[in-house]
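These are my notes on a single protein chain. I went through the helices, the surface and the salt bridges in turn.

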Amino acid sequence: MTAVPGTGPTAPAATASPEALGVPAPSPPPVPAGEADPARGAAPGPSFLAKAAAVTAALTVAGSLLGLVRDQVLAHFFGAGSDTDAFLVAWTVPEMAATLLIEDGLAFFLVPAFSAALARRAATTAAAGGDPVRALVRASLPKMALWFVAAGLALMAAAPPLVTLLAPGLPDPGLAVDCTRLTATCALTFGLAGYCSAALRAHQRFVAPAAVYVAYNAAIITVLFLFSAPLGVRAAALGVALGGACMVLVQAPSLWRRLRRHRGGAAPASVAVPDARTAEEPAARLETAVIWTVLLFALCRQSQVLIERFLASSLPAGAISHLNYAQKVAQMPMVLSLMLCTVTFPVVARALADGDVRRARDRVERDLVLAGAVVLCGAATVVACAPALVRLLFERGAFTGTDTATTAAVMRVYALGLLGHTLVGALARAHFSVGRTTWAPFAAMAVGIVATAGLGVLTVGSWGVYGIAGANAAGICVTAVLLLHALGPRALPLRTRAVVGQLARLALAAAGSAALGALCAHHAGPPALAVLAGGLVVAVAFLLGGGVVGARPCVYVLRRCAARAGAARRRDRGGAHVRGDVHAGGDGHAREDGRARRASLTARRALRPVTRKRRRHDR
């Protein structure tokens, strides 16, 4: 992830200050690596973005790996049967809550709101008008917490009809109702966790928000091992409830310290201090202007899962489980590809709040191409190594070989829509970073949902789970095309042809590398060796193929590798010359001493003040 941020269009000419890079300073207190202090108004440089993306990616990978372990433990204890189907119906609640409250919904309108508040804080003194960030928290957090509590109680009360609506053909709806009531607590915990994540990311602090899924999945795994015997699959739902509380505990101390650090001072007698209600009005207006468009978009996007579960509930037992396991593995490239967009979303929102549209546009274009490169390489790996991946991860305990074959085939179908999912995530951030009400993302997502539902209904009877996965891929690609077309003067005027051209080159390289990787993985033998060999072949073929067709990320990586190889060859050649001079006797020693004297003289000249007399003397 850190090797490619410089590709694409020209990087913004922003120099990273010591504070932005986390270098300790006497005042204010030192900032940890991967975090920055946006209160000074300085834009984070490429080095900070690379560090933040690396930290976020590492913690996200750790959380995703724990998520795979969670799915493995669930498959080991309960397989792909009716109990797992019942829990996965209840799992719809935390999936919806994560999208609405952590990943998309709250972040899409709170990050621009906090970025605008930080911009106002940097433009005015604390005594002149209070702290806009603290005013935003006072105006929004108590009301939102009440809404979160009400939503959780409503979900608990409506659990029986909700299960009937989501999965009318479920064999054991009572078990699903019990699990749903336990998972309904995430309406409060995920809401508070999402609020903390958005506020910390706007402050350019990424460590705690990226660690939430590590704590969440670790709690679920622990509860499964401790209580799976007495509670059955209800232990997984209890783990969801406890994991949500852990997500809040990971972030709340960091946000509390951040808010206390920027307390406003007392205003001088000559300065008129505005009323508290006046100071809070912009914050409340920022919160309510875009909240419904953002939440409707996120809800519409997550309804793809509801459509899949609804259609799969009429299929034989295990169909929902096959879709779930395939989606969990297939979406990992998308999660990794969106890490850079997660880090740069506050940067884009802050640039637009400062009125720098060009810097925001260049950043979004680079993010689209880089995220496309990562997700297409990952999708090619999933297509090439799908059977070996499923066999390596899940085929043990109650998970049989038939489950492996079905899940691997569904995973390959899901992989066709990974680029669409990544583009929707990146483009939605570009739309909502403006901080104004825009209905384009919701309209585009609604068209995609209609396409998904229509194609799913038409194909589920003949193709089963494969038709459902194919409908998902087609619908999200339709949404991505509409979102790319909708970006215009009111949002960000992207250079669409250049972006689409780069993505097409990357897609061509991914198709070729997937074919070569599948051929290699098929003949590799054991699952671990097949995944390793297939992934390596895909990565090398993707880089070489992308370099041949002119994809900028691949060309950048190949040039860096060639430059480093050339530097290594020159160092080896220089060492050989020195060894030859030493073995040549006195002449070799004399030449070596002469080079050392010239190097020392050059270093001394570089340290002297440059004057006209010195320049004449040096000549």
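The expected span of a helix is 1.5 Å times one less than its number of residues. I kept that rule at hand for the helix checks, and I kept in mind that the model is predicted.

**Entry 1: helix 19**

I looked up helix 19, residues 418–432, which has 15 residues. From its first C-alpha to its last it reaches 21 Å, close to the expected 21 Å. I then checked burial, taking buried as under 20% relative accessible area. In helix 19, 15 of the 15 residues are buried, so the rest of the structure largely encloses it.

**Entry 2: helix 16**

I repeated the span check on helix 16, residues 339–353. At 1.5 Å a residue its 15 residues should span 21 Å, and the end C-alpha atoms are 22 Å apart, which agrees. I also looked for a bend and found one of about 35° at F345. A proline, P346, follows within four residues of that point. Burial came next: 14 of the 15 residues of helix 16 are buried, so this helix too is largely enclosed by the rest of the structure. After helix 16 comes G355, and I noted its positive phi, near 85°.

**Entry 3: the whole chain**

I tallied the secondary structure of the protein chain as 26 helices and zero strands. Of its 619 residues, 50% are buried. I counted contacts with a separation of 6 or more, and 81% of them are between residues 24 or more positions apart. The chain exposes about 26,800 Å², and carbon and sulfur atoms supply 66% of that area.

**Entry 4: a surface patch**

Which residues form a nonpolar patch on the surface? I found V149, L153 and L188, with about 240 Å² of accessible area together. I followed up L153, which lies in helix 6, residues 132–157. Its relative accessible area is 56%, and L153 is therefore exposed, the cut-off for exposed being over 50%.

**Entry 5: salt bridges**

How many salt bridges does a search of the whole structure find? The search gave me nine, and I wrote up three of the pairs.

I took D178 and R234 to begin with; their closest N and O atoms are 3.0 Å apart. D178 is in helix 8 (residues 173–183) and R234 in helix 12 (residues 234–261), so this salt bridge ties together parts 56 residues apart in sequence. I have both partners as partly exposed, D178 with a relative accessible area of 30% and R234 with 31%.

I then looked at R495 and D362, whose side chains meet in a salt bridge at 2.9 Å, N to O. R495 lies in the loop between helix 21 (465–486) and helix 22 (496–522), and D362 lies in helix 17 (residues 357–393), so the pair ties together parts 133 residues apart in sequence. Buried or exposed? R495 is partly exposed, with a relative accessible area of 38%, whereas D362 is buried, at 10%.

Last, I checked D367 and R363, a salt bridge with its closest N and O atoms 3.0 Å apart. The two are four residues apart in helix 17, which means a separation of about one helical turn. D367 counts as buried at 5% relative accessibility, and R363 counts as buried at 7%. I also noted a network in which salt bridges that share partners join R361, D362, E365 and R495.

Terms used: Residues numbered from 1 in each chain as written. Predicted model: local features only at pLDDT ≥ 70, side-chain atom pairs only at ≥ 80, totals over all residues. Heavy atoms only, no water. Bend = angle between axes of the 7 residues up to and from the residue. Buried < 20%, exposed > 50% of the residue type's maximum accessible area, 1.4 Å probe, protein only. Contact = heavy atoms within 4.5 Å. Areas by Shrake-Rupley, 256 points an atom, 1.4 Å probe, with all protein chains shown as cover. Patch = residues over 30% accessible without salt bridge, like charges linked within 9 Å, V, L, I, M, F, W, Y side chains within 5 Å. Salt bridge = Lys/Arg side-chain N within 4 Å of Asp/Glu carboxyl O.
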